[in-house]
Amino acid sequence: RRAAARQGLAGVTVIEAAWGQVALEPHDLVLCAHVGPLLQPGSPFLTEAPRLARRAVVLIRDAPGGDDKFFFSELYPQLLGRPYERACADAATLGALRALGLEPEVVTIEYDSSQPFESLDEACDFWLAYLGLEGDARARAFLRRFLASRLRREGGGWLAPYRKRASVMRWRV
């Protein structure tokens, strides 16, 4: 809402609810960006979104070749004892759309999705929450050392550098 207001965009409706929990009227555009469970094959969203769009649907999904999100391929084995496996990728979503008879235009984009932090403690809190390890003192100590060596100092804070690649799948209805 704030971003739309800053850009002077009118007619933008933000609906804060899990998919399927709110009855929706058709909108000009249905947009879903990086919400893995909604973009997996078999998701009700993929079937319903085209019916809720009057003009177009745009789906944005991770594409191969981007940076390792938040160093997960290193952190999962060390902190969670298992490898980091990416969720449904763009090819699976595209295959699910084609199975529904849809043939979206696909464009791959690259962009900076770096995450700023005011302090190393804030960065540790972020990672602990993301990994489900809140309150784990051992994990916090490990992350503090790990992040101090991986994050970049940026002004008075820290930056987690993250270059992202995504597939933008779009079609008109």
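Helices here are DSSP runs of at least four residues and strands are runs of at least two, both numbered from the N terminus. With that naming in hand, His34 sits in the loop between strand E1 (27-33) and helix H2 (44-52). Keep in mind that this is a predicted model. The chain has 173 residues, and 35% of them count as buried.

**The chain as a whole**

- You'll find 6 helices and 7 strands in the chain.
- Read from the N terminus, the elements go α-β-α-β-α-α-β-β-α-α-β-β-β.
- The C-alpha trace spans about 50 × 40 × 30 Å along its principal axes.
- If you take contacts in the chain between residues at least 6 apart in sequence, 74% of them join residues at least 24 apart.
- About 10500 Å² of the chain is exposed, with carbon and sulfur atoms supplying 51% of that area.

**Two residues with positive phi**

- As background, most residues other than glycine have a negative phi.
- His34 goes the other way: its phi is positive, about 60°, and it is not a glycine.
- His34 is partly exposed, since its relative accessible area is 31% and the partly exposed class runs between the 20% and 50% cut-offs.
- Phe71 is another non-glycine residue with a positive phi, near 65°.
- Phe71 belongs to the loop between strand E2 (53-62) and helix H3 (72-80).
- Phe71 counts as buried because its relative accessibility is 13%, and the cut-off for buried is under 20%.

**Ser43, in the loop with His34**

- Ser43 is found in the loop between E1 and H2, the loop that also holds His34.
- Ser43 is buried, with a relative accessible area of 8%.
- Once you set aside its neighbours within four places in sequence, Ser43 touches Pro37 and Leu38.
- Ser43 and Ala96 are 53 residues apart in sequence, yet their C-alpha atoms are 9.0 Å apart in space.

**H5 against H6**

- H5 (residues 120-131) packs on H6 (residues 137-150) at an angle of about 120°, and their axes are 9 Å apart.
- That makes the two helices oblique to each other, because 120° falls outside the ranges for roughly parallel, roughly antiparallel and roughly perpendicular.
- The crossing of H5 past H6 is right-handed.
- On the H5 side, the contact is made by Leu120, Asp121, Ala123, Cys124, Asp125, Trp127 and Leu128.
- H6 brings in Ala139, Arg140, Leu143, Arg144, Leu147 and Ala148.
- Sorted by class, this contact has 9 nonpolar and 4 charged residues, with no polar ones.

**H3 against H5**

- H3 and H5 pack at an angle of about 70°, with 12 Å between their axes.
- H3 and H5 are therefore roughly perpendicular to each other, as the range for that label is 65 to 115 degrees.
- H3 contributes Phe72, Leu75, Tyr76, Leu79 and Leu80, while H5 contributes Trp127, Tyr130 and Leu131.
- The class split for this contact is 8 nonpolar, no polar and no charged residues.
- Trp127 of H5 turns up in the contact with H3 and also in the contact with H6.

Conventions. Residues are numbered from 1 along each chain as its sequence is written. This is a predicted model: local features need pLDDT of at least 70, side-chain atom pairs count only at pLDDT 80 or more; totals for chains, interfaces and linings use all residues. Side-chain values use heavy atoms; hydrogens and water are left out. Axes are lines fitted to C-alpha atoms, for helices over the stretch in contact, and angles run from 0 to 180 degrees between N-to-C directions. Angles under 35 degrees count as roughly parallel, over 145 as roughly antiparallel, 65 to 115 as roughly perpendicular and the rest as oblique. A crossing is left-handed if the near helix is turned anticlockwise from the far one by less than a right angle, and right-handed if clockwise. Contact means heavy atoms within 4.5 Å. Ala, Val, Leu, Ile, Met, Phe, Trp, Tyr, Cys and Pro count as nonpolar, Asp, Glu, Lys and Arg as charged, and the others, Gly among them, as polar. Buried means under 20% relative accessible area, exposed over 50%, partly exposed in between (1.4 Å probe, protein chains only). Accessible areas come from the Shrake-Rupley method with a 1.4 Å probe; for residues, only the protein chains shown count as cover.
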